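Open the model in your viewer and keep the sequence panel beside it. This tour says what to select at each stop and what is there.

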Amino acid sequence: MNLEQFQKELVAYASEIGIDKIGFASAEPFFNLKHQLIRQQQLQYQSGFEEPDVEKRTHPELLLEEAVTIIAIAIAYPSKMNDAPQGTKGARRGIFSRSSWGKDYHAALRERLTLLEAFIAAHYPDARMRSMVDTGELSDRAVAERAGIGWSAKNTNIITPEFGSYVYLGEMITNIPFTLNEPMEDQCGDCRLCIDTCPTGAIVEGGQLNAQRCISFLTQTKGFMPDEFRSKIGNRLYGCDTCQTVCPKNKRKANQIHAEFEPDPEIAKPLLEPLLKISNREFKEKFGYVSGSWRGKKPIQRNAILALAHFKEVSAVPALIDLLESDERPVIRGTAAWAIGKIGTAEGLHALKKAEEQEKDSEVLEEIQKGLAFFAEESKG
Ligand code: B12
Ligand code: SF4
Ligand code: SF4
């Protein structure tokens with residue numbers, strides 16, 4: 001079989017195994033991206049989750065010596081939740097971003113890439129291949145952009161005409177000279193809704209992100225949430241979808257295509273209070289299969305406390321006092337102190353005063369004082 005024919009078969013096979021879009025890009029170095037990455041580093045706009053070696057990120061031949069083309073894949077994930085439970089007073093809920101509904105996409109995409117590798121190897125015994133999803137060196141978006149999967153949008157996501165930006169991306173570097181796809185025209189035009197709606201002003205003009213200000217990043221950190229962002233994260237437990245939900249190109253892209261990504265509403269939109277006391281074992285059992293659990297339970301618990309403060313949920317105060325008095329982790333005690341102050345009950349004031357006398361950790365003490373300051377402001381106002 002000639003290569004052209006094989007490429008057609010490969011594309012058909014990809015669709016059979018649940019790959020929604022496939023494209024072929026050259027494995028030439030990514031020079032534009034290199035400048036962008038260096039600029040991001042200089043400006044300290046990076047999240048720290050990226051591969052730090054810019055050379056490896058932009059030179060596929062350093063990852064696979066005989067690199068000729070890169071196969072880019074995209075799999076759509078749902079943006080709509082059936083039977084989404086509504087939070088109510090006394091039973092508030094948090095939310096995981098859509099990219100963390102259902103099965104962890106790393107596993108789902110890797111499984112498909114492994115099948116593709118086997119399919120290629122069966123026809124091309126000399127094939128050399130290296131696949132990656134998210135945690136690899138390459139920029140999955142830069143590869144997808146070059147392979148014509150979608151355009152690189154102002155909200156920095158790759159948007160596909162078929163599924164909007166709700167797609168996971170992955171790729172395979174190969175030594176096979178496949179026919180290449182053309183990159184897609186930018187379709188954002190004059191629109192700037194994502195830039196204007198981002199709650200923290202994290203999107204810099206021209207498709208650049210200051211990740212340090214991005215709520216998606218902030219929900220994944222393990223320390224104290226910087227004060228500036230505490231009231232901005234709302235009830236988000238993991239990730240942020242605002243610059244995607246406002247995007248006109250995502251209208252009517254429900255993408256309820258793959259059963260494995262359909263969310264369990266009790267996991268994707270869980271009750272907040274039970275999260276405060278969840279054991280490691282229960283957390284792993286319930287949330288371990290979603291990608292949003294990758295940083296462990298502490299960031300999710302910290303965010304749950306901030307979400308209860310956001311709702312000013314008075315019924316949660318006893319549970320928050322319990323954390324303040326007995327949790328071993330300073331970030332959790334301190335965030336609970338701040339939340340107790342923000343909610344502002346007499347019981348909370350009493351607990352904060354008591355904790356102020358007993359607390360030994362200087363950072364937690366600072367948070368207790370911030371909590372107490374809410375009461376002082378209240379009595380002035
Ligand atoms: C670090 C990281 C983050 C960081 C930083 C994100 C960012 N925008 O840089 C944080 C934690 C904030 C994050 C958040 C999210 N992420 Co993320 N993340 C990554 C990761 C691991 C690396 C990204 C990276 O290198 N960023 C540095 C920037 C500079 O590079 P880049 O975005 O890859 O490249 C584009 C830009 O640089 C731009 N560009 C390049 N050169 C130039 C030059 C000029 C002049 C301009 C204007 C632009 C430009 O074009 C490139 C191609 O589109 C990738 C996986 C991977 N290995 O690539 C996933 C990845 C980008 N994330 C993904 C997702 C789904 C998300 C979230 C939607 C999750 C959520 N709901 O919370 C949010 C989206 C937030 C946002 N607006 O970007 C998907 C993107 C899918 C898509 N359709 O685009 C990826 C590809 C994971 C995957 N394999 O599916 N993420
Ligand atoms: S994910 Fe949220 S915080 Fe980050 S750029 Fe988009 S809207 Fe802004
Ligand atoms: S909201 Fe507008 S500017 Fe932002 S990504 Fe969507 S189309 Fe582009």
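Start by selecting N255, which sits in the loop between α9 and α10 (265-268). What you have open is a predicted model. Check the backbone angles of N255: phi is near 50°, a positive value in a residue other than glycine. Is N255 buried or exposed? N255 counts as buried because it has 21 C-beta neighbours inside 10 Å, and the cut-off for buried is 20 or more.

Now select T156, in the loop between β5 (151-152) and β6 (158-159). T156 is not a glycine either, yet its phi is positive, at about 75°. The neighbour count for T156 is 19 C-beta atoms inside 10 Å, so T156 counts as partly exposed.

**Two more loop residues**

Go to G189, in the loop between β7 and α6 (193-197). G189 has 8 C-beta neighbours inside 10 Å and therefore counts as exposed; the cut-off for exposed is 12 or fewer. Add K154 to the selection and draw a distance between the two C-alpha atoms. G189 and K154 are 35 residues apart along the chain, and their C-alpha atoms are separated by 9.5 Å.

Next, select E137, which lies in the loop between β4 (129-132) and α5. E137 is buried, because 20 other C-beta atoms lie within 10 Å. Which residues does E137 touch, leaving aside those up to four places away in sequence? They are E51, K56, R57 and L63. Select H59 as well: E137 and H59 are 78 residues apart in sequence, but 9.5 Å apart in space from C-alpha to C-alpha.

**The ligands**

Turn to ligand 1 and show the residues around it. The shell has 40 residues, and the closest are Q36, S97, S152, S216 and G239. Which elements each supply at least two residues of this shell? They are α2 (31-43), α5 (140-146), β7 (167-174), β9 (208-209) and α7 (215-218). Colour α2 separately, as the largest share of the shell around ligand 1 comes from this helix, with five residues. Colouring the shell around ligand 1 by class gives 15 nonpolar, 19 polar and six charged residues.

Move to ligand 2. Here 13 residues form the surroundings, and the closest are C198, C214, C240, T242 and C243. Two helices, α7 and α9 (242-245), each supply at least two residues of the shell around ligand 2. Note that α7 is also on the list for ligand 1. The shell around ligand 2 contains nine nonpolar and four polar residues, and no charged ones.

Ligand 3 is the next selection. Around ligand 3 you will find A153, K154, N155, C188, C191, R192, L193, C194, V246, C247, P248 and K249. K154 is the residue you paired with G189 earlier. How many residues of each class are in the shell around ligand 3? Eight are nonpolar, one is polar and three are charged.

**The two domains**

Zoom out and colour the protein by domain: domain 1 covers 1-311 and domain 2 covers 314-381. Taken over C-alpha atoms, the centres of domain 1 and domain 2 are separated by 36 Å. Where the domains meet, twelve residues of domain 1 are in contact with 16 residues of domain 2. On the domain 1 side of this contact, α11 (273-276) and α13 (297-310) are the elements that give two or more residues. Select α13 in particular, since it gives the most to that side, with seven residues. By class, the domain 1 side that touches domain 2 has six nonpolar, three polar and three charged residues.

**A pair of helices**

For the last stop, select helix α16 (residues 346-358) and helix α17 (residues 362-380). The two pack at an angle of about 145°, and their axes are 10 Å apart. Look along the line between the helices: α16 passes α17 in a left-handed crossing. Which residues meet in this contact? From α16 come L349, L352, A355 and E356, and they meet I368, G371, L372 and F375 of α17. Show these side chains and colour them by class: the residues in the contact of α16 with α17 are six nonpolar, one polar and one charged.

Conventions
Residues are numbered from 1 along each chain as its sequence is written. Chains are lettered from A and ligands numbered from 1 in the order in which they are written. This is a predicted model: local features need pLDDT of at least 70, side-chain atom pairs count only at pLDDT 80 or more; totals for chains, interfaces and linings use all residues. A residue is near a molecule or strand if its C-beta atom, placed from the backbone, lies within 6 Å of it. Helices (H or I, at least four residues) and strands (E, at least two) are DSSP runs, numbered from the N terminus. Ala, Val, Leu, Ile, Met, Phe, Trp, Tyr, Cys and Pro count as nonpolar, Asp, Glu, Lys and Arg as charged, and the others, Gly among them, as polar. Domain bounds come from an automatic or database domain assignment. Two residues are in contact if their C-beta atoms, placed from the backbone, lie within 7 Å. Axes are lines fitted to C-alpha atoms, for helices over the stretch in contact, and angles run from 0 to 180 degrees between N-to-C directions. A crossing is left-handed if the near helix is turned anticlockwise from the far one by less than a right angle, and right-handed if clockwise.
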